[in-house]
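Work through the exercises below with the sequence and the model at hand, and compare each of your results with the solution that follows it.

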Amino acid sequence: MTEFFSHLGDRINPIVVKETRQAVNSRLVAGFLLLFLSVQLVVMLLMMTTREMPDQDEIDLRAGRDVFTFVQGILLGTCLILIPAMTGVRLAIERSDVNVDLLFISSLTPRAVLLGKLVAAGALALLIFSACAPFMTFAYVMRGLDVPTIVVVLTADYLAVMTVTMLALFIASVPANRGLRVLLGFFGFVGMCYLGAGLLALTTAFLRGWSSLDMNAWEFWVSCAGLLALILGVNGLLFVWSVALISPAAANRALPVRIYTLGFWLAAAIGFGIWSLYLRRPEPMLGWGLISCVLFSLQFIIAICERDQWGARVARRIPRQLILRMLVFFFYSGAAGGFAFGAFGAAISISGLAIWFAVIPSPLRGLTEQQPVLVLGLVLAYTYCYSLTAAVIRRLLAKSSFPPGYTWVIGVILVGCGCALPYIVRFALFEHSRYGYPDELTFLYLTNPFVMIIEAVRYTETHLLYTIAFLSAWGLTVTMVNLPWFVKQIQKFQPPEVPEAVVGAEGAGE
Amino acid sequence: MEVEIDNLRKEYGRTRAVNGISFSFSSGQVFGFIGPNGAGKSTTMRVLATLEEPTSGNATIDGVSVIEEPEKAHKYIGYVPDNLPSHRDITVHEYLDFFARAYNIRGEKRRQTVEGVEEFTNLIGIRDKTLNALSKGMKNRVSIARALVHDPPVLLMDEPAAGLDPRARIELRELLKVLAGQGKAILISSHILSELAEICTGAVIIERGKILRAGTLQEIIAQSGKAHRTIVLRPLNRAEELRKTLLETPGVEDAREEDGIVEVDFVGGDEACCDLLETILRAGFRILEYRPRRVDLEQIFLDVTRGDVQ
């Protein structure tokens with residue numbers, strides 16, 4: 001038995017062992033746990049003592065449900081703050097330049113490091129959830145809720161905690177200075193607040209029976225399974241991105257990311273496609289469209305931040321066969337391949353969505369006009385144009401050693417200018433007493449995606465035509481400007497030449 | 001096992017931290033990495049430890065590139081950084097056990113390895129203390145123990161003696177001697193040149209990211225064109241007279257007398273040292289002790305560097 005446990009101990013990810021030991025020894029965790037339990041106890045006592053009791057002959061069927069709502073709210077809040085913050089900050093410190101933890105020069109792979117952190121965070125979350133179990137059991141005994149409801153709510157809470165933890169790990173993996181990382185952390189915190197508040201509202205509605213969700217219907221469980229798959233898919237995406245970010249620069253970091261992106265995109269297409277066919281309506285496919293839009297917009301941004309060159313290690317793995325080489329060009333590390341991957345994915349997604357809406361007509365009037373498809377298309381087109389423009393500017397700045405990894409900053413500045421300048425120009429040159437976007441001034445706002453996408457869809461065809469014409473001209477121009485660079489990248493995508501002596505030896509061997 | 005650094009370059013924006021340096025050292029050699037602050041020592045160490053990617057150039061350990069194949073290179077490298085571990089919630093033993101696990105050392109072998117390293121670095125008595133509760137010297141030992149846990153053939157030590165008290169320094173020096181005796185290739189940076197001279201078989205002198213001298217101590221002496229060394233003499237009597245005589249002797253740059261002991265700054269190789277002793281004895285001085293110290297790295301360092309920083 002001892003041997004078995006010893007063997008088992010060896011198999012456990014070392015990070016899990018270390019992080020769990022640290023969590024158990026941590027005063028912070030112990031303090032939080034005690035505070036959490038005390039708050040729960042106080043809340044429960046207050047609820048019990050201040051609650052209006054029904055008549056002696058009646059049973060209060062809401063008491064357990066109300067207590068549970070509070071308990072799970074406290075649980076969710078505690079876990080959403082403590083676990084992601086602890087995991088993310090610890091990883092960020094370990095990756096800091098000034099405080100080398102040396103985790104990243106051991107034999108552990110980046111995947112093992114992140115997986116270990118995630119599993120350790122999951123174990124800690126389970127510990128806190130289990131500490132909450134007595135209160136939940138008490139709530140159950142008080143009546144007003146059933147076991148499946150408790151399981152669904154707690155599963156949703158746990159998934160939310162793990163998703164936010166994964167987001168924290170991703171932010172901690174981003175190669176950025178402390179200031180930028182704090183800023184990203186702040187955005188992550190805001191996102192976490194929204195997620196926590198939304199989930200709390202949803203679970204409260206679910207517990208109190210305000211929602212139309214019916215746990216007896218099979219559609220409920222199918223929807224749950226679909227949502228679970230989507231959440232796992234998003235977590236997986238964050239995971240492969242994080243692994244790529246902390247992998248050595250010489251490695252083919254993009255390969256797993258693009259394979260995962262392709263897999264996620266295909267799986268989403270199949271899932272939403274089946275749903276759409278089942279309902280005989282095209283609207284569910286908008287979910288896939290939205291996923292595609294997010295995936296490939298981010299792919300454009302990631303691609304412009306990638307390096308133009310690939311190291312000897314990646315080059316050694318480039319196939320010699322032309323067809324195979326052309327295929328892997330889209331998947332191997334490199335800015336050109338990444339951008340081509342995004343462009344193809346975006347084009348196929350929008351075309352596929354348009355065809356789907358044409359084949360399966362929607363009973364909704366607005367949707368028959370393919371407005372959502374148009375919106376997604378415009379978002380992708382603007383991202384394409386801004387990204388490629390940023391890439392051109394970065395190459396112009398190449399002599400000043402501008403790091404490729406920060407090309408996204410140029411993109412953000414461009415979008416900022418594109419959004420703000422129209423207002424400044426209008427204020428300076430034209431009348432500024434009127435609000436709105438009159439037809440004669442539409443051309444001013446063409447660089448502002450937020451205005452133009454909304455206006456193009458909401459108003460007349462003139463706006464739409466202006467936008468499409470502008471984006472076509474801009475897209476074509478930046479594509480042509482980037483074309484020589486792109487062709488050069490394809491030409492350079494070759495395996496290293498084999499020395500003649502090796503060729504001779506290989507030939508002799510045959 | 002050979003460590004080769006080939007035309008390594010590292011730039012931070014417009015600053016060239018390391019400017020095309022090349023040198024090599026191999027098993028059993030202890031190389032001192034010497035240079036003023038900001039010379040590029042730590043950057044080079046971090047590149048070798050796979051923590052930084054160079055702008056260009058390469059570094060290999062036994063033919064494995066630390067830039068192209070860092071995952072393979074990890075098992076060859078033990079790195080002692082200039083900052084020390086300071087985790088709050090983990091004990092010394094747990095910390096070393098974690099790294100042993102991270103290097104895939106399993107089962108009973110892991111227990112033996114961790115205990116062996118703890119014993120070797122004299123950590124047995126403090127193995128259950130948390131890292132943040134340790135003194136600097138103790139943390140330094142933990143850092144070295146961690147670097148040794150997977151028995152790497154190459155050790156990179158960035159300022160390991162900084163901030164240590166005299167006893168800890170002596171212990172570190174002895175530890176390094178044992179490790180060098182085990183056949184490890186060691187690159188060590190330090191500002192305490194007298195200590196480096198005691199243990200190093202070679203040195204790399206770097207300034208403003210460029211190598212000024214590199215090679216074994218003999219090679220560096222040859223490059224310098226002269227061999228500086230200090231000779232300690234303890235005459236039976238007539239110490240002041242001996243000092244004056246020595247100042248007139250060829251090769252002697254300076255001679256100081258204190259409490260009957262004469263220290264001589266001498267330029268010359270081993271043969272010249274023997275000749276000097278013969279000269280002194282022929283002059284009728286009776287000598288209780290004649291101890292030529294090893295090559296004076298301090299003097300070579302001062303000769304070749306200008307103290308420029310970037």
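**Exercise 1.** Determine which residues Val379(A) is in contact with, leaving aside its neighbours within four places in sequence.

*Solution.* Apply the contact criterion, under which the C-beta atoms of two residues, placed from the backbone, lie within 7 Å. Val379(A) is then in contact with Cys293(A), Ser297(A) and Ile453(A). The model is a predicted one, in which local features need pLDDT of at least 70 and side-chain atom pairs count only at pLDDT 80 or more, while totals for chains, interfaces and linings use all residues. Residues are numbered from 1 along each chain as its sequence is written, and chains are lettered from A and ligands numbered from 1 in the order in which they are written.

**Exercise 2.** Place Val379(A) in the secondary structure and decide whether Val379(A) is buried, exposed or partly exposed.

*Solution.* Start with the helices, which are DSSP runs of H or I with at least four residues, numbered from the N terminus: Val379(A) belongs to helix H16 of chain A, residues 371–396. Next, count C-beta atoms, placed from the backbone, within 10 Å: 20 or more others make a residue buried, 12 or fewer exposed, and values in between partly exposed. Val379(A) is partly exposed because its count inside 10 Å is 19 C-beta neighbours. Finally, the C-alpha atom of Val379(A) is 7.4 Å from that of Pro449(A), although 70 residues separate the two along the chain.

**Exercise 3.** Find how far apart the C-alpha centres of domain 1 and domain 2 of chain A lie.

*Solution.* Take the bounds, which come from an automatic or database domain assignment: domain 1 covers 11–51 + 60–216 and domain 2 covers 268–496. The separation of their C-alpha centres is 36 Å.

Terms used
Helices (H or I, at least four residues) and strands (E, at least two) are DSSP runs, numbered from the N terminus.
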